[in-house]
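Grab your viewer and work through these exercises. Each one comes with a solution, so try it yourself before reading on.

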Amino acid sequence: MTTPRFDELIHAPTRLSLVAFLAATSWADFSVLRDNVGLSDSALSKQLTTLADAGYVEIRKAFVGKRPRTSARLTPDGRTAFDRHVSALQEIVARAGGSVIPTESQA
């Protein structure tokens, strides 16, 4: 069972989108993250660095031929923080009497 814990660092919309995307994959290329989250290269780089500094994301830099390639993945600490944050959000919604998953009448 995951202990709910609201995480201010993850909660920022851009970082929440990044962490949620990374939670669904093992490694993601920089360009895939950029295109799916809709950020500029510099904004994505800044957000990934913030998450890496917190220990939530691992960044890998390599070369494919002569071209640099940057990839990122969620670390185990990042996965735990994300799971706890999602649980905290679910608790907030539940206390408000809502549901995270829409019922058929809401769909």
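**Exercise 1. The pocket**

By class, how many nonpolar, polar and charged residues does the lining of the largest pocket have?

*Solution.* Ground rules come before counting. We're working on a predicted model, where local features need pLDDT of at least 70 and side-chain atom pairs count only at pLDDT 80 or more, while totals for chains, interfaces and linings use all residues. Residues are numbered from 1 along each chain as its sequence is written, and side-chain values use heavy atoms, with hydrogens and water left out.

Step 1: find the space. On a 1 Å grid over the protein atoms alone, a pocket is an open set of points where a 1.4 Å probe fits, with protein on both sides within 12 Å along at least five of seven lines; lining residues have an atom within 4 Å of a point. Grid points are joined across faces, edges and corners, and the volume is the space filled by probe spheres set on the points. The largest pocket comes out at about 260 Å³.

Step 2: list the lining. You should get Asp29, Phe30, Ser31, Arg34, Asp41, Val64, Arg67, Pro68, Arg69 and Thr70.

Step 3: map the lining onto elements. Helices (H or I, at least four residues) and strands (E, at least two) are DSSP runs, numbered from the N terminus. Helix H3 (30–37) and strand E3 (67–74) are the elements that give two or more residues to the lining of the largest pocket. E3 gives the most, with four residues.

Step 4: sort by class. Ala, Val, Leu, Ile, Met, Phe, Trp, Tyr, Cys and Pro go in the nonpolar bin, Asp, Glu, Lys and Arg in the charged bin, and the others, Gly among them, in the polar bin. That leaves three nonpolar, two polar and five charged residues in the lining.

**Exercise 2. The fold and its core**

Which residues have the most contacts inside the largest nonpolar core?

*Solution.* Step 1: lay out the elements. The protein has five helices and three strands, and from the N terminus on they run α-α-β-α-α-β-β-α.

Step 2: pick out buried residues (under 20% relative accessible area; exposed is over 50%, partly exposed in between, with a 1.4 Å probe and protein chains only). They make up 25% of the 107 residues.

Step 3: build the core, a set of buried Ala, Val, Leu, Ile, Met, Phe, Trp, Tyr and Cys residues joined through side-chain atoms within 4.5 Å. The largest one has 18 residues, and those with the most contacts inside it are Leu22, Leu33, Leu44, Leu48 and Val57. Helix H2 (13–23), H3, helix H4 (41–53), E3 and helix H5 (76–95) each give two or more residues to this core. H2 supplies the largest share, four residues.

Step 4: zoom in on two members, using contact as heavy atoms within 4.5 Å and skipping residues up to four places away in sequence. Leu48 touches Phe30, Leu33, Val57, Ile59 and Ala72. Val57 sits in strand E2 (residues 57–64) and is buried, because its relative accessibility is 4%. Its partners are Leu22, Leu48, Leu51, Ala52, Ala72, Arg73, Leu74 and Thr75.

**Exercise 3. A histidine in a helix**

Is histidine 85 buried or exposed?

*Solution.* Step 1: locate His85 in helix H5.

Step 2: check its accessibility. At 0%, His85 counts as buried.

Step 3: see what surrounds it. Beyond four places in sequence, His85 touches Arg5, Phe6, Asp7, Ile10, His11 and Leu16.

**Exercise 4. Charge pairs**

How many salt bridges does the count come to?

*Solution.* Step 1: apply the rule, a side-chain nitrogen of Lys or Arg within 4 Å of a carboxyl oxygen of Asp or Glu. The count comes to seven salt bridges.

Step 2: start at the pocket. Arg34 and Asp41 pair at 3.1 Å, N to O. Arg34 is partly exposed at 24%, as is Asp41 at 41%. Arg34, Asp35 and Asp41 are linked in a network of salt bridges.

Step 3: move to H5. Arg79 and Asp83 pair at 3.6 Å, N to O; they are four residues apart in helix H5, so about one helical turn separates them. Arg95 and Glu91 form another bridge at 3.9 Å, N to O, again four residues and about one helical turn apart. Arg95 is exposed at 64%, whereas Glu91 is partly exposed at 37%.
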